[in-house]
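Reader: Hey, I've just opened this one and don't know my way around yet. Can you walk me through it?

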Amino acid sequence: MENSKGIFYYLDNIWSIKGEFWVASQQTLIMVIIATVIAVLFGLAIGICLHLTNPNQLWKNKWANKTLGTLVDFLRAFPFVILMVAISPFSESLINVLSGNNPTAFFGTYTASVALSVAAIPYFARLVEQNLREIPKGIIEAAQAMGASNTTIIFRVLITEARAGIVSSTTVLIISILSYSAAAGMIGGGGLGDLAIRYGYNRYQTDIMIAVVVLLSIIVIMIQALGNFITRKIDKR
């Protein structure tokens, strides 16, 4: 009976801050969506450039490949927490400009999204480069022999052939961004990770932390399952 009362007590305690759970979930969703979209757009472009400037590729350029690769690796090696704090002034200025200097309820969340995007772009770029490397060179040579332009080869051959791998990499990216978003509270970004730290760590409410961990685990499982499903559907190999 005591255990039952204990369980109901913890459930009631979690339910009492359902409003904060809802807001934190919204903040996490905003950060993940913004960072994912930006990382996929820019990371895909950079990944393609990294691949095509390699030796024996369409745009082979040793200097450009080395320079771009070094920049990507530098950003990837930068500790996220330090990166987030370091570019915080830039992030705030950017969001101020985009919002017309009108404060919003999710200002800190949008600011954190900038840092998440900067960290995610080079990470995704390397994943895309790896996906493109797995494409047999014979396919590209066949397209060239048929007179296909570089643009056609990029969009109709490279991306098409690597689409399953790119979707799988995007799934990994989303889960990584979700994990990184836990540190967003340091610059006022909020989110589920921040909620767990404020209640679970600072206030010693272990039940809240467990609830957040369970919720995040469920989200990760769902994202991975959806990613695997889409990958299987579009993988024609």
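Reader: So in what order do the elements of the chain run from the N terminus on?
Author: They run α-α-α-α-α-α-α-α-α-α. In numbers, the chain has 10 helices and zero strands. Keep in mind that this is a predicted model.

Reader: Got it. What box do the C-alpha atoms of the chain fill?
Author: Taken along the principal axes, the box is roughly 75 × 45 × 30 Å.

Reader: And how many residues are there in the chain, and what percentage count as buried?
Author: There are 237 residues, and 38% of them count as buried.

Reader: What about contacts between residues at least 6 apart in sequence: what share join residues at least 24 apart?
Author: That share is 77%.

Reader: Let's look at some helices. At what angle do the axes of α2 and α8 cross?
Author: Helix α2 covers residues 18-52 and helix α8 covers residues 150-180; their axes cross at roughly 140° and come within 10 Å. Angles over 145 degrees would count as roughly antiparallel, so at roughly 140° α2 is oblique to α8.

Reader: Is that crossing left-handed or right-handed?
Author: Right-handed, as α2 passes α8.

Reader: Which residues make the contact?
Author: From α2, the contact includes T28, M31, V32, A35, T36 and A39, and further along V40, L44, I48, H51 and L52. On the α8 side you'll find I154, L158, I159, I166 and T170, plus L173, I174, I177 and L178. Sorted by class, the contact has 16 nonpolar residues, four polar ones and no charged ones.

Reader: T36 is in that list. Is it buried or exposed?
Author: T36 is buried, with a relative accessible area of 10%. Not counting residues up to four places away in sequence, T36 touches L173, I174 and I177.

Reader: Ok, now α2 and α6. How do their axes cross?
Author: The axes of α2 and α6 come within 6 Å and cross at roughly 35°. This crossing is right-handed. The residues of the contact divide into 21 nonpolar, seven polar and three charged.

Reader: While we're on α6, what's T111 in contact with, leaving aside its neighbours within four places in sequence?
Author: T111 is in contact with S88, S91, E92, I95 and I187. T111 is found in helix α6, and its relative accessible area is 2%, so it is buried, the cut-off being under 20%.

Reader: Switching topic: how many residues does the largest nonpolar core have?
Author: The largest nonpolar core has 34 residues, and F80, L132, L158 and I177 have the most contacts inside it. At least two residues of this core come from each of α2, α4 (80-86), α6 (107-133), α7 (137-145) and α8.

Reader: Why would nonpolar side chains be buried together?
Author: As a general tendency, that is how nonpolar side chains are found in soluble globular proteins.

Reader: Fair enough. What does L132 contact, leaving aside its neighbours within four places in sequence?
Author: L132 is in contact with G47, I48, H51, L158 and A162. Apart from the largest core lies another core, of 10 residues, among them I17, F21, L192 and I208.

Reader: Now the loops. Where is N56 found?
Author: N56 is in the loop between α2 and α3 (62-77). Its phi is near 70°, a positive value in a residue other than glycine. Most residues other than glycine have a negative phi. With a relative accessible area of 55%, N56 is exposed, because the cut-off for that is over 50%.

Reader: And what is the phi of Y204?
Author: Y204 has a positive phi of about 55° although it is not a glycine. You'll find Y204 in the loop between α9 (192-201) and α10. Y204 counts as exposed, at 71% relative accessibility.

Reader: Last one: how many residues apart along the chain are K233 and A164?
Author: They are 69 residues apart along the chain, with their C-alpha atoms separated by 8.5 Å. K233 is found in helix α10 (residues 206-234), and K233 is exposed, with a relative accessible area of 55%.

Key:
Residues numbered from 1 in each chain as written. Predicted model: local features only at pLDDT ≥ 70, side-chain atom pairs only at ≥ 80, totals over all residues. Heavy atoms only, no water. Axes fitted to C-alpha atoms, helices over the stretch in contact; angles between N-to-C directions. Helix = DSSP H or I, 4+ residues; strand = E, 2+ residues; numbered from the N terminus. Parallel < 35°, antiparallel > 145°, perpendicular 65-115°, else oblique. Left-handed = near helix turned anticlockwise from the far one by under 90°. Contact = heavy atoms within 4.5 Å. Nonpolar A, V, L, I, M, F, W, Y, C, P; charged D, E, K, R; others polar. Core = buried A, V, L, I, M, F, W, Y, C linked by side-chain atoms within 4.5 Å. Buried < 20%, exposed > 50% of the residue type's maximum accessible area, 1.4 Å probe, protein only.
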